[in-house]
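The report below describes selected features of one protein model, taking its helices, its sheet and several loop residues in turn. Please read it alongside the sequence and the structure.

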Amino acid sequence: VQPGALHEMVDLLETHPDIGIVCPRIENPDGTLPPSLRRFPNPWTLSLVLLKLPKIAPWLPGFSRYLGRDIDYTVTQDVEQCMGAAFMVRKEVFDAVGLFDEDYWIWMEEVDLMKRIHDAGKRIVYTPNARVLHHLGKSFSQVKLLTNAKRMTRSTRHYARKHFSFSGFIVIVILSGVHLLLTFVWTKIKHA
């Protein structure tokens with residue numbers, strides 16, 4: 001947490017009672033910006049993620065918007081969600097919507113929390129004036145790829161069950177299996 005970051009985030013919460021979450025500017029140790037602001041996923045965008053298409057076909061409809069590629073990281077603004085590496089939540093918001101859902105395992109827990117807070121009518125605000133360094137992927141790199149994929153698909157299915165229609169949930173369940181198969185094949189190719 002960089003100097004002044006906590007003060008900036010607390011100040012925003014104290015001066016704007018309609019804000020439920022403040023998200024800081026997440027930076028890599030070298031000062032570059034990882035993509036840390038997104039919009040809420042829908043069945044289409046989560047399907048693209050499960051099919052491992054973000055790096056192969058980032059031009060697919062709706063995907064750029066979901067990834068927030070149009071978001072200006074230099075401006076304080078309302079956002080839908082931010083990376084779970086760092087954010088500040090007003091206690092009253094936790095009292096109103098509940099804490100993190102413990103049925104998630106690593107992935108999607110912050111997205112679910114922010115969706116519930118957003119749906120409760122509280123703002124989620126990003127500020128570039130509070131900076132936090134993040135060592136991206138260090139925790140995940142300690143676990144096997146297939147184990148991470150199993151955890152990710154479990155959390156994705158849980159999110160879909162809570163926030164999508166029944167048909168959207170079924171699509172995610174089916175594509176979770178495809179995701180695991182693709183990951184298994186990739187690990188075999190990688191270690192061949």
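## Helix α5 and its surroundings

The buried residues of α5 pack against β1 (19–27), β4 (81–82), β5, α4 (91–97), β6 and α6. The model is a predicted one, and in it α5 is mostly covered, with eight of its 11 residues buried. These buried residues are Glu110, Val111, Asp112, Leu113, Met114, Lys115, Arg116 and Ile117, a set that includes charged side chains such as Asp112 and Lys115.

Just after α5, glycine 121 adopts a positive phi of about 90°. On the other side of the helix in sequence, methionine 108 is placed in the loop between α4 and α5, and its phi, near 75°, is a positive value in a residue other than glycine. Most residues other than glycine have a negative phi. Methionine 108 has a relative accessible area of 10% and is therefore buried, since the cut-off for that class is under 20%.

## Helix α6 and its crossing with α5

Helix α6 covers residues 145–163, and its 19 residues should span 27 Å at 1.5 Å a residue, which agrees with the 27 Å that separates its end C-alpha atoms. Within α6, the buried residues are Asn148, Ala149, Met152, Thr153, Ser155, Thr156, His158, Tyr159 and Ala160. They pack against three helices, namely α2 (43–50), α5 (109–119) and α7 (166–190).

How do α5 and α6 lie with respect to each other, roughly parallel or roughly antiparallel? Their axes come within 10 Å and cross at roughly 15°, and because angles under 35 degrees count as roughly parallel, α5 and α6 are assigned to that class. The crossing in which α5 passes α6 is right-handed. At this meeting of the two helices, α5 contributes Val111, Asp112, Lys115 and Arg116, while α6 contributes Tyr159, Lys162 and His163.

## Leucine 46 in helix α2

Helix α2 contains leucine 46, a residue that is buried, with a relative accessible area of 3%. When its neighbours within four places in sequence are left aside, leucine 46 is in contact with Pro41, Met108, Thr156, Tyr159, Phe164 and Ile172. Of these partners, Met108 is the loop residue with the positive phi described above, whereas Thr156 and Tyr159 are among the buried residues of α6. Although leucine 46 and threonine 156 are 110 residues apart along the chain, their C-alpha atoms are separated by 7.9 Å.

## The four-stranded sheet

The model contains an open sheet of four strands in the order β3-β6-β1-β5, with mixed pairing. The edges are formed by β3 (77–78) and β5 (88–89), each of which has a single partner strand, so that one side of each is left without a neighbour in the sheet. Strands of a sheet pair through backbone hydrogen bonds, either parallel or antiparallel.

Both senses can be followed from β6. Strand β6 (residues 123–133) pairs with β3 in the antiparallel sense over two bridges, and here valine 125 of β6 is the bridge partner of aspartate 78. The pairing of β6 with β1, by contrast, is in the parallel sense and runs over seven bridges; in this case tyrosine 126 of β6 is the bridge partner of cysteine 23.

## Two further loop residues

Serine 36 is located in the loop between β1 and β2 (37–38), where it counts as buried at 4% relative accessibility. Not counting residues up to four places away in sequence, serine 36 touches Ile26, Tyr73, Gln81, Cys82 and Met83.

Lysine 52 belongs to the loop between α2 and α3 (63–66). Its phi is near 60°, a positive value in a residue other than glycine. Is lysine 52 buried or partly exposed? With a relative accessible area of 33%, lysine 52 is partly exposed, whereas methionine 108, the other such residue described here with a positive phi, is buried.

Definitions and conventions. Residues numbered from 1 in each chain as written. Predicted model: local features only at pLDDT ≥ 70, side-chain atom pairs only at ≥ 80, totals over all residues. Heavy atoms only, no water. Pairing = 2+ DSSP bridges. Expected span 1.5 Å × (residues − 1). Buried < 20%, exposed > 50% of the residue type's maximum accessible area, 1.4 Å probe, protein only. Contact = heavy atoms within 4.5 Å. Axes fitted to C-alpha atoms, helices over the stretch in contact; angles between N-to-C directions. Parallel < 35°, antiparallel > 145°, perpendicular 65-115°, else oblique. Left-handed = near helix turned anticlockwise from the far one by under 90°.
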